[in-house]
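Please provide a briefing on the β-α-β unit of this model and on its nonpolar cores.

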Amino acid sequence: MAYLIREKLTQTIHDSFEQHTKIMRESYTPQSSYDIFLSYNHLDINVAKWVYEKLSKQGYRVYADFIDSSYPIIVDIKTSLILVNKINQCKCLLYIHTVNSKNSKWCPWEIGLASGLKNFKCAIIPILDLH
């Protein structure tokens with residue numbers, strides 16, 4: 001199995017990445033369907049942004065909360081309704097697994113919801129920390 005290493009990923013994240021995210025957010029247009037729903041712990045947002053960028057460049061339509069300006073800043077019950085809707089609009093869920101994942105309340109919920117849907121596919125990207 002191939003692994004991605006966090007240190008190598010962070011070396012590839014450019015200084016202008018925050019500006020790039022701002023542009024992505026401003027140009028985001030909700031779609032009726034997506035290829036991939038990204039599931040990640042928010043402590044790993046830079047890794048998620050890297051994965052998002054790579055998949056988008058390959059032509060995949062990817063949903064990630066950090067590009068969705070309608071996603072609530074304060075997480076509450078409305079957040080779960082938004083996530084149910086977005087996961088239902090996707091063909092598969094891609095789970096980014098890191099050492100931070102065990103502390104996520106949302107990742108297991110998203111995986112459980114997605115895996116319960118008929119003909120829904122889930123995949124894992126393991127990210128290693130070398131230190």
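**A β-α-β unit and the nonpolar cores**

β2, α3 and β3 make a β-α-β unit that is right-handed, meaning that, with the strands pointing away from the viewer, the path from the first strand over the helix to the second runs clockwise. Helices (H or I, at least four residues) and strands (E, at least two) are DSSP runs numbered from the N terminus. The model is predicted, so local features need pLDDT of at least 70 and side-chain atom pairs count only at pLDDT 80 or more, while totals for chains, interfaces and linings use all residues. Residues are numbered from 1 along each chain as its sequence is written, and side-chain values use heavy atoms, with hydrogens and water left out.

**Strand β2**
- Six of the six residues of β2 are buried (under 20% relative accessible area, 1.4 Å probe, protein chains only), so the strand is largely enclosed by the rest of the structure.
- β2 runs parallel to β4, joined by five bridges; pairing requires at least two DSSP bridges.
- L38 has L94 of β4 as its bridge partner.
- β2 also pairs with β3 (residues 62-63) in the parallel sense, over two bridges, and there F37 is partnered by Y63.

**Helix α3**
- The 13 residues of α3 reach 18 Å from first to last C-alpha, close to the 18 Å expected at 1.5 Å a residue, a span counted as 1.5 Å times one less than the number of residues.
- Buried residues of α3 include W50, V51 and Y52.
- Just after α3, G59 takes a positive phi of about 95 degrees.

**Nonpolar cores**
- The largest nonpolar core (buried Ala, Val, Leu, Ile, Met, Phe, Trp, Tyr and Cys residues joined through side-chain atoms within 4.5 Å) has 17 residues, of which L38, V51, Y52, F66, L94 and I96 touch the most other members.
- α3 gives the most to this core, with six residues.
- Another core, of 12 residues, lies apart from it and includes F37 and Y71.

Key: Buried means under 20% relative accessible area, exposed over 50%, partly exposed in between (1.4 Å probe, protein chains only).
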